[in-house]
Number of protein chains: 2
Amino acid sequence: LLDQRALPHAEVWLQLRDVEGVAQAIETLAVRGAPAIGGAAALALALHVRTTSIVDATALQDDLDVQTARLARTRPTAVNLFFALDAVTRARHGLTDSDAIRHAVVDAAERVVDDDEAACTALGNHGAPLLADGDVVLTICHTGALATCGQGTALGIVKAARAQGKDVRVVALETRPLLQGARLTSWECLREGIPVTLITDGMAAFAFQRLGITRAIAGADRVTRRGDVANKIGTYGVACLSHVHDVPFLVAAPTSTFDLELVHGSDIVIEERAADEVRKARGDTGWTTLAPVDVPVWNPAFDVTPAHFVHALVTERGVLHRTREAFDEDAVTQLVTRS
Amino acid sequence: LLDQRALPHAEVWLQLRDVEGVAQAIETLAVRGAPAIGGAAALALALHVRTTSIVDATALQDDLDVQTARLARTRPTAVNLFFALDAVTRARHGLTDSDAIRHAVVDAAERVVDDDEAACTALGNHGAPLLADGDVVLTICHTGALATCGQGTALGIVKAARAQGKDVRVVALETRPLLQGARLTSWECLREGIPVTLITDGMAAFAFQRLGITRAIAGADRVTRRGDVANKIGTYGVACLSHVHDVPFLVAAPTSTFDLELVHGSDIVIEERAADEVRKARGDTGWTTLAPVDVPVWNPAFDVTPAHFVHALVTERGVLHRTREAFDEDAVTQLVTRS
């Protein structure tokens, strides 16, 4: 895995040899981005069946349950992780031959990755018509290639629009505390020749006033049936500012990010992370302390944007437009569950 | 001067011996906060007349013009600086005796400082009734004692309300890029026993949803006749979020921050600072690089909040409530110009 913690200062590749290594890579954000986490977790199970010395089929199934549970404990908010693990579990369900189990796990894991790559491409193509030539797109966190198994989700829409010849520029929020915008979106945009301007999160409102923002796009970590969206902390603020400035707020959400069991965003579990992430910042010289070491902190990793602030949900199967206060639950369910 | 750049990691006191030293302290943000800048600039002129070897009155007047111009070039947005310099210039106007000039400059400079201290106290007393027992107050940047010659402006209102026995808590935005909230507001609140929770700027919106913010208060660097407010970058975003969540947004603005020559906020000169302030962060280990070193950056130090987002302007002479789209220009002019 390319270690996302070291970017943009260094390209460090991690050699992970077991499930525990991948689990820790997810927990420490060496790999992050909801679809990328799903892909990494699935591949960890493929790696496991290729390296384990267990030969008895029943023992292997039990062991895979344990390994799957370990991966499921890494991060609570992104639903793709659980979908990816479920896909692998379903593939091996009922198999009683250890070779068959191995093949099923590897195939299922590779399918998770391939499907995500294809989903990114399709999502970008569905979203591109929502961007016009000359658009200035505000985005938060990182939703590009590093965050997925393909070209990205929200940033993938920008890439698809630019591939159609539209002059689309990006204004990237640095996205404190972990600075995915400063570190990863900046890096990927520079690398791929996408015009980008980096700003701090507090500059977002003034950017609507003075930089002529015409669209805001965010990714999603979990989307409920009515279209409430959990995503990186700060997304809800971007949605509010888009509303105040009458700018469309679009959410790029592969169907793997939908959780049809939930209706309301208030039911989404929000991961709260360590206070020191806020008190400190990590740069090329390591962690540096910004605030008094004993100041109380609130550090939710995600926030929830109510559906009525979301203009459209862009999926790999098409675009859902909101027509009332929330999205149509039947339309969402139909889109996500159709095979 | 207490070097605000070193806080909260160390209390470093600067011994400044001439106007150039003070000018550089203002430019490098060793001293910051609109009223504190005004006080420091005035005292720099007092220091100058006490140490200069010029004895000829005409030469001294000319020299003071040069020194004043140097201080006026330090920072463009905060109007207090120019008011403070003007007050000292007016005091020495027409004087032809060098001792008289010296006394006039020192007296005027001390009056700038004393008046600001008294203004802070009065402003806090006028603002305190706007806060209720149990209020959770979102604030941005630093508006406490360090930023003024007294107890502070926006934070001074919190102090006055607490002194009245109201349980008022503070949620402080870290205020990137220069982190005045993380470094200074946190430090001052901890030191003075004001309950404070530090969050990143992107968490503001979710804090309205989940931390029960009931008031937002900001300071001001320049206020126009209709009540448009220039203040630290991010303030406009707080105002937008207050609007969306139907929470009063209050601005603490001593009359010295009003610029009656301006009507519209779009006429306020907005200082843009170096790109590296955004690409980097300064912590206890010095500057660390967060982003690619060549990523394009936009770094406005202030933003402009249109009057219609401001519920009330709290001054040392009383509170102005907005009744229409903007504040009443006559009422503002009357309040600011009455002696």
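Select A:R176 and B:E174 to begin: their side chains meet in a salt bridge, with N and O 2.7 Å apart. The model on screen is a predicted one. Between chain A and chain B the count is 2 salt bridges, and the pair just selected joins one chain to the other.

**The contact between the chains**

Now widen the selection to the contact between chain A and chain B. The contact draws 62 residues from chain A and 62 residues from chain B. Putting the chains together buries about 4,500 Å², and carbon and sulfur atoms give 70% of that area. To see where chain A contributes, pick A:F206, A:L290 and A:W298. These three residues supply 16% of the area that chain A buries against chain B, more than any other three.

Polar atoms also meet here. Across the interface, 20 residue pairs are in polar contact, counting pairs in which both residues have pLDDT 80 or more.

Next, colour the interface residues of each chain. Of those in chain A, 100% are also interface residues in chain B, so the two copies meet through the same surface.

**The axis**

How are the two copies placed relative to each other? A turn of 180° with a shift of 0.0 Å along the axis lays chain A on chain B, with an RMSD of 0.0 Å. The copies are therefore related as by a two-fold rotation axis. To find this axis from chain A, select A:D201: its C-alpha is the nearest to the axis in that chain, at 3.0 Å.

**The nonpolar cores**

Select A:L138 and B:L138 next. Both belong to the largest nonpolar core, which has 157 residues, and they have the most contacts inside it. Stay on B:L138 and show what surrounds it. Setting aside neighbours within four places in sequence, B:L138 is in contact with ten residues of chain B, among them B:V171, B:L173, B:I199, B:F208 and B:V238. B:R215 is also one of its contacts.

Then move to B:V19, B:L64, B:A87 and B:V105. They are included in a second, separate core, one of 31 residues. In soluble globular proteins, nonpolar side chains tend to be buried together.

**The cysteines**

Show the cysteine sulfur atoms. How many disulfides are found over all chains? A search of the whole structure finds 0. Select A:C120 to see one case: the closest cysteine sulfur, in A:C149, is 7.3 Å from its own, which is too far for a bond. A:C120 counts as buried because its relative accessibility is 1%.

A:C240 is in no disulfide either; the nearest cysteine sulfur is that of B:C240, 9.3 Å away. With a relative accessible area of 0%, A:C240 is buried.

**Salt bridges elsewhere**

The last stop returns to charged side chains. Over all chains, the structure has 38 salt bridges. Select A:E271 and A:R273, which form one of them, with the closest N and O atoms 2.9 Å apart. Are these two residues buried or exposed? Both A:E271 and A:R273 are buried.

In chain B, finish with B:E11 and B:R191. They form a salt bridge too, and the closest N and O atoms are 3.0 Å apart.

How values were computed:
Residues are numbered from 1 along each chain as its sequence is written. Chains are lettered from A and ligands numbered from 1 in the order in which they are written. Side-chain values use heavy atoms; hydrogens and water are left out. Copies are superposed by least squares on the C-alpha atoms of residues with pLDDT of at least 70 in both. Contact means heavy atoms within 4.5 Å. A disulfide is a pair of cysteine sulfur atoms within 2.5 Å. Buried means under 20% relative accessible area, exposed over 50%, partly exposed in between (1.4 Å probe, protein chains only). A nonpolar core is a set of buried Ala, Val, Leu, Ile, Met, Phe, Trp, Tyr and Cys residues joined through side-chain atoms within 4.5 Å. Buried area is the accessible area (1.4 Å probe) that two parts lose on being put together, summed over both. A salt bridge is a side-chain nitrogen of Lys or Arg within 4 Å of a carboxyl oxygen of Asp or Glu. A polar contact is a pair of N or O atoms within 3.5 Å; within protein, one must be able to donate a hydrogen and the other to accept it, and residues adjacent in sequence count only if both atoms are side-chain atoms.
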